[in-house]
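Here is a set of questions and answers for someone meeting this structure for the first time. Please keep the sequence and the model in view while reading.

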Amino acid sequence: MACCYIAACVIAFFIRGAEVLDIDLHVQYNESVKRGSSFESHHDRKKKQSSVEDGFTVVSISGMTCAACYTSVEGALKKVNGVEQVLVSLSLQEARVFHRPGLTPNLLTAAVESAGFSAEAGERSSSEKLDILRHTQDLAKLRVSVQGLGYLSTLIFGLGKCLDWMASNKINLSSLWLQKLRSLLLLTLTVTAVAQYGSWIFQRAIGAARRRRVNMHTLIAASTAIGLLLTFSNMFQSNPRSEYHDTIVGVLLIISVGHYMDLLSRRRATDTFESLYHLVDETKMVKLAQINKHLPTSALRQGDEIIIEPYEIVPCDCYILEGSTYVNESIITGEAYPKAKGIGSLLLAGTRNGSSQLKASVHQDYSCSFLSQLVRSIEISLSSKASTQKYVDVLTQHFVSCIFAIAMAASLFTFVRMHDHGFNLALDASGRKMMTILAAACPCALGLAAPCAVMAGIDVAWRKGILMLEGGETMENVLQITHVVMDKTGTLTLGTPRVTDYVVFGKWNGREEELATLVCAAEERAMSSHPLAMAIFKEFLPKCKGSWARYQSRGEIGNLREIGGRGVVCEVNISRERREVVHVGNLEFLKDQHVKGLQNVPKRFKAEGSAAFIGINGDLAACLLLQDTLRQDTISTIKALQNQGLIVSILTGDTDQEACRISHELGITVTASSATPDVKMRHVESLRSEGNKVMMVGDGMNDGPSLAASDVGIMIAHGRRCLSSGGSVLILQSQLRALVTLFEISRSTMQQVSLNITWALSYNIIAVALAVGIGEPWGISISPPTAAALMSFSSILVTVQGLWLRGRLSARFCGDT
């Protein structure tokens, strides 16, 4: 037992040193921008309104500490009438509740509070979430507990040994009052240690009891209480040699150290996600071009013109009006090299500007920006759990009750067996047996087995530009895939088409500035979600000249309709003088819209690449030819997928000629071409109805239905709206090779989950068996402090295994050493 003390106390002093070295290493590129401004935006002062809306509510929770708490909150919320789905995040201390419209948030908070936790409707600010992810308050309290228990355990252990030494050297300690004084002094120190530094364990145990549940803290609290009762009882015996002062404090110290190290490991596992909340903090303020003053980013609206200073974080989704630069997208997409951006280029919130000042137009409000949606998506992914975890949750619900039953049975058996040696000795032995069994069991290791590995996999995938929106469930589904169906434009190709030919017809010759303004107005909304729309917007924006500014200030757009995979139609009023009906889309779309003059389209626009046609007021105004090229990693990725036994095919809305060209070049079959979104969805559903597991890979809103219909929907990012396109995985780096990485990370992660669960079950079986006394015939037995050390070790090992998995995957895919 002395070695347990020494190890725990040494760790306590290390923790004190770590406190000194706990420094925020956040890197700031633009030293002229002050962090932590005293002006805090409405977005951070208030709970986000979007988190309490019809059909969806975020509940901020306090007091969840383990998987059992997670299960309690989830169960309480699901009992509320009208609740449809609950996603609880232990790491973020919140629950995302999907429910019937009209359900009041008070019912949800009341349900959580009835389960024994504090709750408030609404979402925490980014700075509050940072504190939670870093376990700032919990670590501060535990640091005090570990240091206090370390000092007191050393004092109790040393004082006890000193008094024993005095007795062995015939210093008279035989008088009864001196023995009582010795016992009272040690008991006082022990009770002080329990009340002042171990109270957090009892508080959590009482909280669990109030919601009619038991957890790891219940086991330790019961073990400590039994030790105190036995010690107090033995004080009144004639020969009080069975004392548990050092055992009690030793158990509390080891548990506190173990929990502290466990939280440090969990904090390390969320380091990458913390960077996103740092970005949110850095984008609180923005410079409005019209008044040349800084305003809260939450006050921006679509069409506002802003100034982005050199090396500043882009505060919202916007497109460049003036200037050119190189933008660092690494924190968002994982892309290592900055990308060149010019007039008309879309900038995503959270990316970092280069060395040039930019003037840009706000494309979306802050709450709908790519960064804001990305943060919410990651929070949901951390709340999702694999189906394996659901079975483990059921097991852990009954685990502690079974341990109490085993402890009581073993204690009773020990009491009966030792009764012939006297009541007091039998009571002491049975109490010690119960303490050991309660301290040895570790339900937390079971509860953490899946989340620690899954979080490591999600973290590494995120660093490689892969966001799993459904967490561990996505990884399980990925490993069952048999068919991979791919869209063409922006998926197999780069998704950055350029206009290679351009013809203007009729009265629009010589009116290119007005024509360009009408086309940009029609494509402004779609350009963030479809590469062809982006290419058209970038081509025409420089041609608008002063007309675009007039449209932004006085013009308007109405009756906008996007027909997925075909085109867009709207009414545009440039200067409030007259409305122009604008059609932009493929040839079939304009034919269906009865646009005149299509017989004048040159043949090359019908036979080559992807063509777009523009109709104004029912007449053909222009046609464009766009060319895209295959990604460099397309062929190698398809071969890698085929080598895994997967069937790969093309499902595209492009022309038959273009689909056949790509099919021949890649050597894969075409499931369908010229396919509208509903046709794509039917093809995916048909494959699934045959018993196949289908992965659909796409890049545009028109792929949304087929992505949602597949077992795993993969969305390759080309802008903000891809986050709401129905997929379960978002590839931010826009590299097709990420598909192979996704399979490999999923495989490694789920193997680690199985290993963790096997370890947790094996540990509990072996540790409880040793605590019961199965090893005693061979001279193998454990004491309560040893049992507590083993329990802490098992929990820490599961967390460390997650970090080890993260390290292995990082070294393999991210180049970390």
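What follows is a conversation between a student and a tutor about a predicted model.

Student: How many aromatic pairs does a search of the whole structure find, and how is the pair of Tyr319 and Phe537 classed?

Tutor: The search of the whole structure finds eight aromatic pairs. For the rings of Tyr319 and Phe537, the centres are 5.1 Å apart and the planes stand at 75°. Planes over 60 degrees apart count as edge-to-face, so the pair of Tyr319 and Phe537 is edge-to-face.

Student: How far apart in sequence are the parts that this pair ties together?

Tutor: Tyr319 belongs to strand E9, residues 318–322, while Phe537 belongs to helix H20, residues 531–544. Both Tyr319 and Phe537 are buried. Because one ring sits in the strand and the other in the helix, the pair ties together parts whose separation in sequence is 218 residues.

Student: Which residues form one aromatic cluster with Tyr319 and Phe537?

Tutor: The cluster takes in the two rings just discussed, Tyr319 and Phe537, and two further residues are listed with them. Those residues are Trp548 and Tyr551.

Student: What span is expected for H20, at 1.5 Å a residue?

Tutor: Helix H20 has 14 residues, and from its first C-alpha to its last it reaches 20 Å. Its buried residues include Ile536, Phe537, Phe540 and Leu541, and the charged end of Lys543 sits over the ring of Phe540, 5.9 Å from its centre. Just after H20, Lys545 takes a positive phi of about 55°. The reach of H20 is close to the expected span, which is 20 Å.

Student: How is the aromatic pair of Trp759 and Tyr763 classed, and what separates these two residues along helix H28?

Tutor: The ring centres of Trp759 and Tyr763 are 6.0 Å apart with 35° between the planes, and the pair is tilted. Trp759 is partly exposed at 27% relative accessibility, whereas Tyr763 is buried at 8%. Because the two residues are four apart in helix H28, residues 738–772, Trp759 and Tyr763 are separated by about one helical turn.

Student: Is Thr436 buried or exposed?

Tutor: Thr436 is found in helix H15, residues 423–440, and touches Ala771, Ile782, Ser783, Pro784 and Ala787, leaving aside residues up to four places away in sequence. Its relative accessible area is 3%, and under 20% counts as buried. Thr436 is therefore buried.

Student: What share of residues 436–458 is helix?

Tutor: The unreviewed UniProt entry annotates several stretches as "transmembrane region", among them residues 436–458 and 753–774. Over residues 436–458 the end C-alpha atoms lie 37 Å apart, and the share of strand is 0%. The share of helix in residues 436–458 is 91%.

Student: How many disulfides does a search of the whole structure find?

Tutor: Cys442 is buried at 0% relative accessibility, and Cys623 is buried at 0% as well. A disulfide is counted where two cysteine sulfur atoms lie within 2.5 Å. The number that the search of the whole structure finds is zero.

Student: Is Asn292 buried or exposed?

Tutor: Asn292 has a positive phi near 55° although it is a residue other than glycine, and its place is in the loop between strand E6 and strand E7. Its relative accessibility is 51%, and over 50% counts as exposed. Asn292 is therefore exposed.

Key: Residues are numbered from 1 along each chain as its sequence is written. This is a predicted model: local features need pLDDT of at least 70, side-chain atom pairs count only at pLDDT 80 or more; totals for chains, interfaces and linings use all residues. Side-chain values use heavy atoms; hydrogens and water are left out. Buried means under 20% relative accessible area, exposed over 50%, partly exposed in between (1.4 Å probe, protein chains only). Contact means heavy atoms within 4.5 Å. UniProt positions are given in the numbering used here, feature names are shortened, and annotations may be inferred rather than shown by experiment. Rings of Phe, Tyr and Trp (its six-membered ring) pair if their centres lie within 6.5 Å; planes under 30 degrees apart count as stacked, over 60 as edge-to-face and the rest as tilted. A charge sits over a ring if NZ of Lys or CZ of Arg is within 6 Å of the ring centre and within 35 degrees of the ring normal. The expected span of a helix is 1.5 Å times one less than its number of residues.
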